[in-house]
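Please work through the exercises below with the structure open beside you, and try each task before you read its solution.

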Amino acid sequence: MDSLDPARHSRLCRLDALPRGFLDCPVNRLDTLFEGPTLIRLRGERRPPLFVSVLLHGNEVSGLLAVQQLLKDFEHRRRPLPRDLWLFVGNIEAARYGVRRLPGQPDYNRIWAGGEHPECRLADELLDELRRQPLFAALDVHNNSGWNPLYGCVNRLEARYLRLARRFSAVMVYFTQPHEVLGVALSRLCPAATLECGLSGTAEGVSRVVHLITELLAAPALDATPPEPDFELLHTIATVRVDDADRIGLGYQLERYDLCFPDDLEALNFRRLDADTAIGWRSPNARGLCVTDNDGRNVTTHYLRYQGEFILTRRPCVLSMLTRNISVIYQDCLCYIMEPYPLHRDNAP
Ligand SMILES: [Zn+2]
């Protein structure tokens with residue numbers, strides 16, 4: 001693999017048409033069509049463009065499958081796109097190997113706020129390009145490695161942003177950290193949402209993305225009136241991480257591991273948990289979990305407590321992104337802690 005060539009990651013490739021074979025190309029063969037991360041500017045009948053980003057994580061294929069399906073449909077019906085569509089195809093090399101990122105690569109969804117990696121220059125180049133003209137709206141499409149409901153994320157609480165995410169799902173998450181994600185950068189440019197489509201490639205996620213892009217391409221404008229209160233909005237307030245030195249197991253196996261989590265851990269995602277809900281077990285020698293708030297402060301004892309072997313919630317909360325994938329737990333985090341975010345009169349958009 002050619003992943004050590006830094007020039008390949010620091011330059012944005014640009015195309016004004018789909019490369020031949022794109023619509024049927026398997027995700028692990030995209031590297032035969034593209035030289036690297038690529039912006040494809042497709043003309044439609046109306047401007048400004050809708051921007052859609054797929055494959056920032058190489059093992060999250062729902063966004064790619066959705067745009068392939070949608071563009072194939074327009075091609076078969078010999079219809080022009082009703083609006084310009086700008087498509088960014090991200091970590092093609094990781095996609096070749098079916099992984100989130102390759103060893104030595106940064107996380108492609110943490111490069112959008114500057115930094116030292118060559119990939120941060122690529123990110124700056126794309127954002128410069130996007131700043132040059134208005135955008136209609138922007139979507140960044142992802143999957144979760146564990147079971148979660150489909151949900152849309154916003155990084156601003158303005159009406160057009162909430163309405164955009166609401167078109168995708170009645171479950172919505174508002175977050176400001178991590179701030180290095182593409183969604184936060186896009187939110188400064190236009191109404192933007194990150195779409196979390198459940199497990200990679202599952203049919204419902206793909207079809208909802210197809211539906212949303214189709215709707216947005218056809219929509220003359222985005223509604224700026226406050227949305228109906230027919231959705232659940234959760235606010236991410238903290239991140240739970242494990243210590244690299246702790247060995248992690250699934251199921252109760254404290255004789256072998258430092259930290260253990262139940263086999264059906266993912267069933268806890270997006271459920272309203274009471275105080276004193278057990279989320280796992282820890283051995284006496286474990287370093288244990290570390291919870292940090294959005295300002296990076298250690299708030300572990302505010303949210304969690306230990307009682308004997310049990311790891312318990314200290315207060316009611318909602319968890320997201322719990323996964324059985326141990327390497328994701330080490331690489332990313334164990335989960336996020338969320339709270340319902342009521343849109344009262346004082347914080348209504
Ligand atoms: Zn992702």
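The exercises that follow use a predicted model, and each task comes with a worked solution.

**Exercise 1. The metal site**

Find which residues coordinate the zinc ion, and decide how the arrangement of the donor atoms should be classified.

Solution. Begin with the donor atoms: the zinc ion is coordinated by ND1 of His57, by two OE contacts of Glu60 and by ND1 of His142, at 2.0 to 2.6 Å. Next, consider the angles that these four donor atoms subtend, which run from 54 to 147°. Four donors count as tetrahedral if all angles lie between 85 and 135 degrees, and the range of 54 to 147° makes this arrangement irregular. Then turn to the sequence, where the donor residues follow the spacing H-x2-E-x81-H. Glu60 lies in the loop between strand E3 and helix H2, while His142 belongs to strand E5, so the pair ties together parts that are 82 residues apart in sequence.

**Exercise 2. Buried or exposed?**

Decide whether Glu60, His142, Leu55 and Met321 are buried, partly exposed or exposed.

Solution. The cut-off needed here is that buried means under 20% relative accessible area, whereas exposed means over 50%. Glu60 has 7% relative accessibility and therefore counts as buried, and His142, with 2%, is buried as well. Leu55 is buried with a relative accessible area of 1%, whereas Met321, at 23%, counts as partly exposed.

**Exercise 3. Backbone features**

Locate the cis peptide bonds that precede Pro48 and Pro178, and describe phi of Leu55 and Met321.

Solution. As background, most residues other than glycine have a negative phi, and most peptide bonds are trans. The bond from Arg47 to Pro48 is cis, with omega near 0°, and Pro48 is found in the loop between strands E2 and E3. The bond from Gln177 to Pro178 is also cis, and Pro178 sits in the loop between strand E7 and helix H6. Leu55 has a positive phi, near 65°, and is placed in the loop between E3 and H2. Phi of Met321 is likewise near 65°, and Met321 lies in the loop between strand E17 and helix H9.

**Exercise 4. Two domains**

Describe how domain 1 and domain 2 meet.

Solution. First take the bounds from the domain assignment, which gives domain 1 as 6-230 and domain 2 as 238-337. Their C-alpha centres lie 30 Å apart. At the interface, 16 residues of domain 1 are in contact with twelve residues of domain 2. The area buried between the domains is about 1,100 Å², of which carbon and sulfur atoms give 50%. Finally, the rule finds two salt bridges across this interface.

Terms used: Residues are numbered from 1 along each chain as its sequence is written. This is a predicted model: local features need pLDDT of at least 70, side-chain atom pairs count only at pLDDT 80 or more; totals for chains, interfaces and linings use all residues. Side-chain values use heavy atoms; hydrogens and water are left out. Donors are N, O and S atoms within 2.8 Å of the metal (3.2 Å for Na, K and Ca); water is not among the atoms, so sites may look incomplete. Four donors count as tetrahedral if all angles lie between 85 and 135 degrees; four count as square planar and six as octahedral if opposite donors are over 155 degrees apart and all others between 65 and 115; anything else is irregular. Helices (H or I, at least four residues) and strands (E, at least two) are DSSP runs, numbered from the N terminus. Buried means under 20% relative accessible area, exposed over 50%, partly exposed in between (1.4 Å probe, protein chains only). Domain bounds come from an automatic or database domain assignment. Contact means heavy atoms within 4.5 Å. Buried area is the accessible area (1.4 Å probe) that two parts lose on being put together, summed over both. A salt bridge is a side-chain nitrogen of Lys or Arg within 4 Å of a carboxyl oxygen of Asp or Glu.
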